[in-house]
There are 2 protein chains.
Amino acid sequence: MKIVLLGSGNVATHLAKALKSKGEELVQVYSQNLTNAELLARLVGAEAVNNLNKIENNADLYIISVKDDAIATVAKSLKNVTGLVVHTSGTTDINILLEQVKKAGVFYPLQTFSKSKDVSFENIPLCIEAGDEDQLAVLKSLASKISSQVYELDGEKRKVLHLAAVFACNFPNHLYALANKILNQNGLDFEIIRPLIAETADKVMDNLPENVQTGPAVRGDENTLNTHLSMLNDMPELQNIYQTLSNSIKLMPK
Amino acid sequence: MKIVLLGSGNVATHLAKALKSKGEELVQVYSQNLTNAELLARLVGAEAVNNLNKIENNADLYIISVKDDAIATVAKSLKNVTGLVVHTSGTTDINILLEQVKKAGVFYPLQTFSKSKDVSFENIPLCIEAGDEDQLAVLKSLASKISSQVYELDGEKRKVLHLAAVFACNFPNHLYALANKILNQNGLDFEIIRPLIAETADKVMDNLPENVQTGPAVRGDENTLNTHLSMLNDMPELQNIYQTLSNSIKLMPK
């Protein structure tokens, strides 16, 4: 497959490397910023482009991996291509593309990417959607080359998945940050709590979280709950979070 | 060192195996339940005991690893021993022991243990405390044999650490459970979100969480926040948690 990549951010970079490593041909990398386009293009043996008018018309697949609110604009420049055009967004509807191009799809990797950290695509869930069965088959075949976890999801389910991801990723990370705040205020370093964070996540790789809940709330240990709440008297925002989440744990069916 | 272990639960089991593997001599394992005592005793080549009157008086170290509210009772039976008596609790004061025995300390591993899952002690932070410098040196030497992370912490700091652990372990696990609830209600499996959970924890192994926060709240993406809140209209408890944590993320200094 001849692939054109539009975007040079975290998702685009990780995706381009994964596709290249499986022998796919990346013909062009587009970015508004030529330096960024060149950096990534060189990495995957593609031509760097910073002008949407210079995008080739005869590629098989166009992957738009830009900020959500720029997807429509980029798609508009692909009106004349015959290949399949996909975006990589969790929240953007496929119709945003279908208003601009003939063949559209979604190729959404469910992961939190950082520039500085390599991540193996093999275990990243790829959620795909397409306008018809043939296009879906093309995406499924490509997705299966780079990941062992390919899911066909419509836009509604992809939205649900994105909401669940906020609970499973963004909120836990914030709670790590609050733990760090408590530690720092008492002269303790975040380092001390890292093994516990790693093990907590590792535990649910083979178990469902509701089956391995630990701590004072699930034990109904009111002494410890009250001690902790009073330790947070000077931090009412954290006290509120402690109370809210402890109550929610108590309400959880066992 | 001749060591007597009082308890046969998760912490006792993991600790006994780690000590044995480093060549320490476990002479007795006590449990109210003889079968449990025998199971663990056999594993580490110790004598199984289910009667506190049969505990040897001449061991070097007694490790009490039972439920918090049973520590005092077990300690009472060790009034006549000359060795050092420690407990493994995060929240129990050292004075609970000092009221009963001559030489007391704390040997608290900061980790979430499951029976079914092996865990390497090498990376588990061990928090120690003792009545005097000599006893502390003994505990430090022993702790250093099984873990590379040994911390001398007084009771106040140990309490703070336990509170931070609730934020870093118990609450994130509950949020995983809520994510699973959202997924299940929409016919999606927890499996799809496991790689994201693993990566979220892995990210903070080399970074501080406040520096790698992602998601709609930290981006100030009000469209997505409002969409998510309205998707939770039928789950007011989850809606409240979503609102509370999103507000807290927005308040976090960057």
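These exercises walk through a predicted model with chains A and B.

## Exercise 1. Relating the two chains

Task: Find what turn and what shift lay chain B on chain A, and name the relation.

Solution.
- Start with the general idea: two copies of a chain are related by a rotation about an axis and a shift along it.
- Here the turn is 180° and the shift along the axis is 0.0 Å. The superposition has an RMSD of 0.1 Å.
- That is the relation of a two-fold axis.
- Now locate the axis. In chain B, Pro172(B) has the C-alpha nearest to the axis, at 2.4 Å.
- Finally, compare the contact surfaces. Of the contact residues of chain B, 100% recur in chain A, so the same surface serves both copies.

## Exercise 2. Aromatic pairs

Task: State how many aromatic pairs there are over all chains, and classify the pair of Tyr242(A) and Phe171(B).

Solution.
- The count over all chains comes to eight aromatic pairs.
- For Tyr242(A) and Phe171(B), the ring centres are 5.3 Å apart and the planes stand at 70°. Planes over 60 degrees apart count as edge-to-face, so this pair is edge-to-face.
- The pair crosses between chains. Tyr242(A) sits in helix 10 (residues 236-251) of chain A, and Phe171(B) in helix 6 (residues 155-185) of chain B.
- Tyr242(A) and Phe171(B) are both buried.
- Contrast this with Phe113(B) and Phe121(B). Their centres are 6.0 Å apart, with 25° between the planes. Planes under 30 degrees apart count as stacked, and this pair is stacked.
- Phe113(B) and Phe121(B) are buried too.
- Ring pairs also build a cluster, made of Phe167(A), Phe171(A) and Tyr242(B).

## Exercise 3. The buried side of a helix

Task: List the buried residues named for helix 9 of chain B, explain why they lie on the same side, and say what they pack against.

Solution.
- Helix 9 of chain B spans residues 222-231. Thr224(B), Leu225(B), His228(B) and Leu229(B) are buried there.
- They cover an arc of only 135° around the axis, and this puts them on the same side of helix 9 of chain B.
- The general rule helps here: an α-helix has 3.6 residues a turn, so residues three or four places apart point the same way.
- Next, look for the partners. The buried residues pack against helix 6 (155-185) of chain A. They also pack against helix 8 (216-219) and helix 10 (236-251) of chain B.

## Exercise 4. Strand 6 of chain A

Task: Work out how strand 6 of chain A is covered and which strands it is joined to by bridges.

Solution.
- Six of the six residues of strand 6 are buried.
- Take one side first: Ala104(A), Val106(A) and Tyr108(A) are buried. On the other side, Gly105(A), Phe107(A) and Pro109(A) are buried as well. Both faces are therefore covered.
- Strand 5 (residues 84-87) of chain A runs parallel to strand 6, with three bridges. In this pairing, Val85(A) has Ala104(A) as its bridge partner.
- Strand 7 of chain A runs antiparallel to strand 6, with five bridges. Here Val106(A) stands opposite Glu129(A).

## Exercise 5. Strand 7 of chain B

Task: Decide whether strand 7 of chain B is enclosed or open, then trace the bridge partners of Ile128(B).

Solution.
- Strand 7 covers residues 126-130 of chain B. Five of the five are buried, so the strand is largely enclosed by the rest of the structure.
- Leu126(B), Ile128(B) and Ala130(B) point one way, while Cys127(B) and Glu129(B) point the other way.
- Strand 6 (residues 104-109) of chain B pairs antiparallel with strand 7 over five bridges. Phe107(B) is bridged to Ile128(B).
- Strand 8 (residues 150-152) of chain B pairs parallel with strand 7 over three bridges. Glu152(B) is bridged to Ile128(B).

## Exercise 6. A loop residue

Task: Place Asp118(A), say whether it is buried or exposed, and name the residues it touches.

Solution.
- Asp118(A) lies in the loop between strand 6 (104-109) and strand 7 (126-130) of chain A.
- Its relative accessible area is 63%. Exposed means over 50%, so Asp118(A) is exposed.
- Leaving out residues up to four places away in sequence, Asp118(A) touches His14(A) and Lys17(A).
- Val74(A) is 44 residues from Asp118(A) in sequence and 27 Å from it in space, C-alpha to C-alpha.

Terms used:
Residues are numbered from 1 along each chain as its sequence is written. Chains are lettered from A and ligands numbered from 1 in the order in which they are written. This is a predicted model: local features need pLDDT of at least 70, side-chain atom pairs count only at pLDDT 80 or more; totals for chains, interfaces and linings use all residues. Side-chain values use heavy atoms; hydrogens and water are left out. Buried means under 20% relative accessible area, exposed over 50%, partly exposed in between (1.4 Å probe, protein chains only). Helices (H or I, at least four residues) and strands (E, at least two) are DSSP runs, numbered from the N terminus. The arc is that of the directions from the helix axis to the C-beta atoms. Contact means heavy atoms within 4.5 Å. Rings of Phe, Tyr and Trp (its six-membered ring) pair if their centres lie within 6.5 Å; planes under 30 degrees apart count as stacked, over 60 as edge-to-face and the rest as tilted. Two strands pair if DSSP finds at least two bridges between them. Copies are superposed by least squares on the C-alpha atoms of residues with pLDDT of at least 70 in both.
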